[in-house]
Amino acid sequence: ALLSRREIWRVCTYHCAFSTAGELVLGLVLLYTFRQFERQWGWRRFGSFLFLSSSLSSLIGIGLLALLRHHPSQLAGGPYGLIFA
């Protein structure tokens with residue numbers, strides 16, 4: 001359904017923005033605390049962790065959409081793959 005409507009951008013960008021203002025504030029606070037992990041791990045290891053966790057989260061979301069044939073608006077918007085990894 002996404003390919004026929006040419007909305008593949010939704011699958012690629014749904015983890016970049018939060019849905020509500022409350023989620024945004026809480027998520028930004030949590031993401032701000034991740035600087036401690038970057039200091040402990042170093043920027044290369046932390047960057048690869050961010051890349052892998054967001055990629056895996058996107059792949060799981062795409063797989064669930066394909067498997068269950070749900071509408072993309074039913075995906076939770078926001079970088080929850082990074083926050084809860």
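In the predicted model, a nonpolar patch on the surface is formed by Leu56, Ile60, Leu64, Leu67 and Leu68, which together contribute about 510 Å² of accessible area. One of these residues, Ile60, is located in helix α4, the element that spans residues 43-68. With a relative accessible area of 48%, Ile60 is classed as partly exposed, because the term exposed is kept for values over 50% and the term buried for values under 20%.

The surface of the whole protein chain can be described in similar terms. The accessible surface of the protein chain amounts to about 6,400 Å², and 67% of this area belongs to carbon and sulfur atoms. Of the 85 residues in the protein chain, 25% are buried.

As regards secondary structure, the protein chain contains five helices and zero strands, so that a reading along the sequence gives the pattern α-α-α-α-α. Among the contacts in the protein chain with a separation of 6 or more, 78% are accounted for by residues that lie 24 or more positions apart.

A single pair of residues may serve to illustrate separation in sequence and in space. Ser19 is placed in the loop between α1, which covers residues 8-13, and α2, which covers residues 21-33. Although Ser19 and Gly78 are 59 residues apart in sequence, their C-alpha atoms are 6.8 Å apart in space. Ser19 itself counts as exposed, because its relative accessibility is 54% and the cut-off for this class is over 50%.

Definitions and conventions. Residues numbered from 1 in each chain as written. Predicted model: local features only at pLDDT ≥ 70, side-chain atom pairs only at ≥ 80, totals over all residues. Heavy atoms only, no water. Helix = DSSP H or I, 4+ residues; strand = E, 2+ residues; numbered from the N terminus. Buried < 20%, exposed > 50% of the residue type's maximum accessible area, 1.4 Å probe, protein only. Contact = heavy atoms within 4.5 Å. Areas by Shrake-Rupley, 256 points an atom, 1.4 Å probe, with all protein chains shown as cover. Patch = residues over 30% accessible without salt bridge, like charges linked within 9 Å, V, L, I, M, F, W, Y side chains within 5 Å. Salt bridge = Lys/Arg side-chain N within 4 Å of Asp/Glu carboxyl O.
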